[in-house]
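Please keep the viewer open beside this text, and make each selection as it comes up before reading on.

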Amino acid sequence: MEQNKDWDKYYRVWMNRVIYDVNHKRFHRAFIEIDRITDDIRERHQERYLYIPNMCLGFFYFGRNQPEMGETYFRKALQGVDADKEPVSVFNCYLSLAQALSGTRPAEAMACLDSLPKQMLENPMYDSGVLGFRCIIANRLGDRKAFNQYFARYDSIRQNNPAGFNPANLFQVMVCHYMLKNDWQKALAWCDSTDVPMMANELRLDVYEKMGDWERAYRAAELKDSLQQIDEREVLEDDIMDISHSIDLLQAEEEKAEMKHRQLMLVGLMATIIIALLIGMLIYRYFKNLKLKEQFQELQEARRRAEAGQAVRRAFVTTIYEKLQSPINTLLNYARIFNDPEFKLKPEERGKRYSDIVDAAKVIESLMDPVLDSYSRGDLGFSDEERRICQDALRSPLQTLIGTAEVIIEANGQIPHDEYMQLREAVCRNCYDVATSTRKLVLFSLYGDSYPIPKNYEIGLNEMIRTVLSSYDLHFRTKPKTFDFKSDVTDDVKISTNALLQELLNCLLDNVVKYATGNTLTLNCHANANGTYSIVLSNEGPSISAADAERIFVPFVRLSPDARTLGVGLPLARCLAVSMGYTLTVDTTYKQGARYIISGL
């Protein structure tokens, strides 16, 4: 195809390779292929096909359970397709967009199907595939009349034209059909007929919920979680292997380039000496200019290698972060549940619940070293002492958490109630500390280089601050605290920002809560004369001296030698502020405690 310059088929085959990798959960490979497709299109000046990498990105994010991002790129692809010349591409764009919308906005998904090119639906294969999908969406909308209309046409093609029938969604459609008829046995029989365990289990879960059989629905939900964890673990292992292979290739290329560079330098030096003996000063000037040119090329090459290495490192850390989300959320959820003394857990249930905690903690422990290794590949100058600090701050609560949970498991419900409640309180506290510390460490690895972060959505300033305060886990602190929020900004004021602004505020809230001696923490929002806005957080407690005003933003620095914290919360907040174009400073004139100011919003 490349030799014949058949670019349409050429890029479609390439897109099929990406879809294959996504379907097999090889996300790192898929992302590399998408990057290569984009570069190839631009190098060949075939910009009319730029919709293809957008389609690929849509499949990439939809395959990773990020339908909102998938929707964004499917819409970009749709905007770049010539509807008159490529109706098949328009059809695929609308169908993919409908799939991305079906989970959360089924009505919009149905509207996308209504926009499909009519001439494509004259083909029974396309028409039956779309009708099947319409049946599924109509079922989610609870529109029985529409479902029956679409199913009648769908079943007619299946019965009368089997050669032209598209069976892609047959199992889901037939399960929906029999659920609407309350024929549970046939619905479950169709669930059992598929050889895809995840799909079969999800369909059974829908049937059990419709039947009101909550016991079997609960078991199906537990099986779904188990299958997802197995799938996520396999994806993480594949991605880490792929990334390690990419890093090895990059290092091999660097060594080869270095050896070639040395050879060229030796030959150039010998030639320069010979020529210098023959023609003197003229050759000296030429040699000088040649050296300057070589140095420039070396700088360019070094910059390219550094950027490539940084891209691989960020992809590596992003992959690990996505895999850490599940265990982090598991620990936070258990921490919230166990923090309520009124919550009762039967002795026979403790083994399963605390095993979940141990499993999540061990996943975090297993991924700690790869995260710390990523720092040495970045621009942070990560020293052995700083690595020791991080390991000490994370492993101590991790080991305590695992040990305490295993004590509860081995006791098998035989621990006296008072002793058990003390152990549960320790588990709760360590769950929260491990989850939040791990999250900050990985986020700092991702954003510690202050790389620009796009401000890609609008939100009300006061609304955003209230949301952060209402969701902040203040109840995990040992002393009760309250927030006093005051704003001289009206509620209709909106700002363009990034969701990471909430992470920035959480880092500052952690700091002012931790070191507060008073019970009230203040958070104010002000309008500035230059048209921007500022957020001010303060507490009552130890003040920060002018000498320490910048040291507290240095990674892994602890003002107290006895502190056992990571020392990345405030540095992470500063890096996020700089990346979004804001300014984060300490008000050293404030002597009643610590006061932080975010300006430039």
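## A tour by selection

Begin with helix 12, residues 214–279, which contributes four residues to the nonpolar patch, the most that any element gives. This is a predicted model, and what follows should be read with that in mind. Keep helix 12 highlighted and add Ile-274, Ile-275, Leu-278, Ile-279 and Leu-282, which together make up this nonpolar patch on the surface, with about 510 Å² of accessible area between them. Within the patch, pick out Ile-279, whose place is in helix 12; because its relative accessible area is 44%, Ile-279 counts as partly exposed.

**The whole protein.** Now clear the selection and show the protein as a cartoon, where 19 helices and seven strands can be found. Switching to a surface view gives an accessible area of about 32300 Å², and carbon and sulfur atoms account for 52% of that area. Colouring by burial would mark 43% of the 601 residues as buried. If you draw the contacts between residues with a separation of 6 or more, 69% of them join residues that are 24 or more positions apart.

**The nonpolar cores.** In soluble globular proteins, nonpolar side chains tend to be buried together. Select Tyr-11, Ile-37, Ile-52, Met-55 and Leu-113, which are the residues with the most contacts inside the largest nonpolar core, a set of 70 residues. Apart from that core lies another, of 50 residues, and to find it you can select Leu-469, Leu-509, Val-512 and Val-513, which are among its members. Then return to Leu-113 and ask which residues it is in contact with, leaving aside its neighbours within four places in sequence. The residues to display around Leu-113 are Leu-95, Ala-98, Val-130, Phe-133, Arg-134 and Ile-137.

**Aromatic rings.** Next, show the side chains of Trp-7, Tyr-10, Tyr-11, Trp-14 and Tyr-49, which ring pairs link into a cluster. Tyr-11 has already appeared on this tour, as one of the residues with the most contacts inside the largest nonpolar core. The count of aromatic pairs comes to 16, and one of them, Phe-27 with Phe-60, is edge-to-face, with 5.9 Å from centre to centre and 90° between the planes. This pair links distant parts of the chain, since Phe-27 belongs to helix 2 (residues 27–43) and Phe-60 to helix 3 (residues 51–63), 33 residues apart. Are these two rings, Phe-27 and Phe-60, on buried or exposed residues? Both Phe-27 and Phe-60 are buried.

**Salt bridges.** The structure holds 23 salt bridges, and three of the stops below are pairs within a helix. Start in helix 1 (residues 7–23), where Asp-8 and Arg-12 lie four residues apart, about one turn of the helix, and form a salt bridge with their closest N and O atoms 3.3 Å apart. Asp-8 counts as partly exposed because its relative accessibility is 23%. Extend the selection to Arg-48 and Glu-86, and you have a network of salt bridges that links these two residues with Asp-8 and Arg-12.

Move on to helix 4 (residues 67–80), in which Glu-71 and Arg-75 are likewise four residues apart, about one turn of the helix. Their closest N and O atoms are 3.0 Å apart in the salt bridge. Glu-71 is buried, with a relative accessible area of 11%, whereas Arg-75, at 34% relative accessibility, counts as partly exposed.

In helix 8 (residues 144–160), select Asp-155 and Arg-158, which are three residues apart, about one turn of the helix. The salt bridge between Asp-155 and Arg-158 brings their closest N and O atoms to 3.1 Å, and Arg-158 is partly exposed at 23% relative accessibility.

**Two loop residues.** End with the backbone, selecting His-45 in the loop between helix 2 and helix 3. Phi of His-45 is near 60°, a positive value in a residue other than glycine. With a relative accessible area of 62%, His-45 is exposed. The last selection is Asn-182, in the loop between helix 9 (170–180) and helix 10 (184–193). Asn-182 also is not a glycine, and has a positive phi of about 60°; at 51% relative accessibility, Asn-182 counts as exposed, because the cut-off for that class is over 50%.

Key. Residues are numbered from 1 along each chain as its sequence is written. This is a predicted model: local features need pLDDT of at least 70, side-chain atom pairs count only at pLDDT 80 or more; totals for chains, interfaces and linings use all residues. Side-chain values use heavy atoms; hydrogens and water are left out. Buried means under 20% relative accessible area, exposed over 50%, partly exposed in between (1.4 Å probe, protein chains only). Contact means heavy atoms within 4.5 Å. Accessible areas come from the Shrake-Rupley method with a 1.4 Å probe; for residues, only the protein chains shown count as cover. A salt bridge is a side-chain nitrogen of Lys or Arg within 4 Å of a carboxyl oxygen of Asp or Glu. A nonpolar core is a set of buried Ala, Val, Leu, Ile, Met, Phe, Trp, Tyr and Cys residues joined through side-chain atoms within 4.5 Å. Patches are made of residues with over 30% relative accessible area and no salt bridge: like charges are joined within 9 Å, nonpolar side chains (Val, Leu, Ile, Met, Phe, Trp, Tyr) within 5 Å. Rings of Phe, Tyr and Trp (its six-membered ring) pair if their centres lie within 6.5 Å; planes under 30 degrees apart count as stacked, over 60 as edge-to-face and the rest as tilted.
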